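Subject: Structure for you to look at

Hi,

Here is the structure I promised to pass on. Have a look at it first, then read my notes underneath.

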Amino acid sequence: MIEIEERAERVLAHVPEWIWDGESLPVPVEDIADSVFRLRVREAEDLSSAPGAPALEPGSSLSGLLLPDRGEIWVNGPEAREWPGRRRFTIGHELGHWCMHRTDHVASIYCRSASVDPEEERPERPVAEREADAFAAAVLMPAALLRKQYGRDRDFAHLCALFGASGAAMGRRLHAVI
Ligand SMILES: [Zn+2]
């Protein structure tokens with residue numbers, strides 16, 4: 001995962017100053033997707049109606065999807081409203097797929113809710129999903145900025161609010177970088 005960390009750092013290092021100054025929080029992941037990668041973020045009420053969406057087993061849903069040909073990231077609207085930080089994480093996750101897993105013959109990438117930022121790590125999660133999560137975490141909670149903040153203030157709720165992250169994502173990230 002060190003490689004993914006470096007990849008995310010390179011992406012952030014190349015964000016033009018007018019989009020992000022490299023230290024303001026939260027990291028403007030949607031502006032980065034839009035202005036740097038030309039990926040438009042759309043929110044949809046029901047992602048299963050997206051073009052080419054797979055049939056899902058009952059009770060499962062999609063958190064996000066990437067349509068490389070259309071240059072679009074779609075996020076699950078109800079989920080984004082229910083959990084603060086979720087929308088941002090999903091955008092970071094799809095950006096990870098764009099940077100690491102996009103190939104000419106893949107028209108679209110669909111991410112099940114259980115695959116994106118789950119509460120508990122499960123070994124059967126596909127490697128690409130875990131990689132996209134690692135990328136999202138590294139972009140949304142850059143190691144250097146998180147260490148700096150953590151050195152000043154260890155209030156967990158404040159850190160989550162500052163970085164625009166869910167408690168689960170922040171907990172894992174602190175464990176990984178502190
Ligand atoms: Zn995914």
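Below is what I found in it, from the whole chain down to the zinc site.

A word on the ground rules first. This is a predicted model, so local features need pLDDT of at least 70 and side-chain atom pairs count only at pLDDT 80 or more, while totals for chains, interfaces and linings use all residues. Residues are numbered from 1 along each chain as its sequence is written, and side-chain values use heavy atoms, with hydrogens and water left out.

The chain has 8 helices and 4 strands (DSSP runs numbered from the N terminus: H or I with at least four residues for helices, E with at least two for strands). From the N terminus on, they run α-α-β-β-β-α-α-β-α-α-α-α. The C-alpha trace spans about 45 × 35 × 30 Å along its principal axes. Of the 178 residues, 49% count as buried, meaning under 20% relative accessible area with a 1.4 Å probe, protein chains only.

Now the sheet. The 4 strands form an open sheet in the order 1-3-2-4, with mixed pairing (two strands pair if DSSP finds at least two bridges between them). Its edge strands are strand 1 (40–44) and strand 4, each pairing on one side only. Strand 2 (residues 62–67) pairs with strand 4 in the antiparallel sense over 4 bridges, and L65 stands opposite Y110 in strand 4.

Next, the zinc ion. Which residues hold its protein donors? They are H93 (NE2), H97 (NE2), C111 (SG) and E129, which gives OE twice, at 2.0 to 2.6 Å from the ion. Donors here are N, O and S atoms within 2.8 Å of the metal (3.2 Å for Na, K and Ca); water is not among the atoms, so sites may look incomplete. Along the chain, the donors follow the spacing H-x3-H-x13-C-x17-E. H93 sits in helix 4 (residues 86–100) and C111 in strand 4 (residues 109–112), so this pair, 18 residues apart, links distant parts of the chain. Both H93 and C111 are buried.

One last residue: is E79 buried or exposed? It counts as buried because its relative accessibility is 7%. E79 lies in helix 3 (residues 77–82). Leaving aside neighbours within four places in sequence, E79 is in contact with S61, L62, S63, R86 and S113, where contact means heavy atoms within 4.5 Å.

Happy looking!

Note on methods
Buried means under 20% relative accessible area, exposed over 50%, partly exposed in between (1.4 Å probe, protein chains only).
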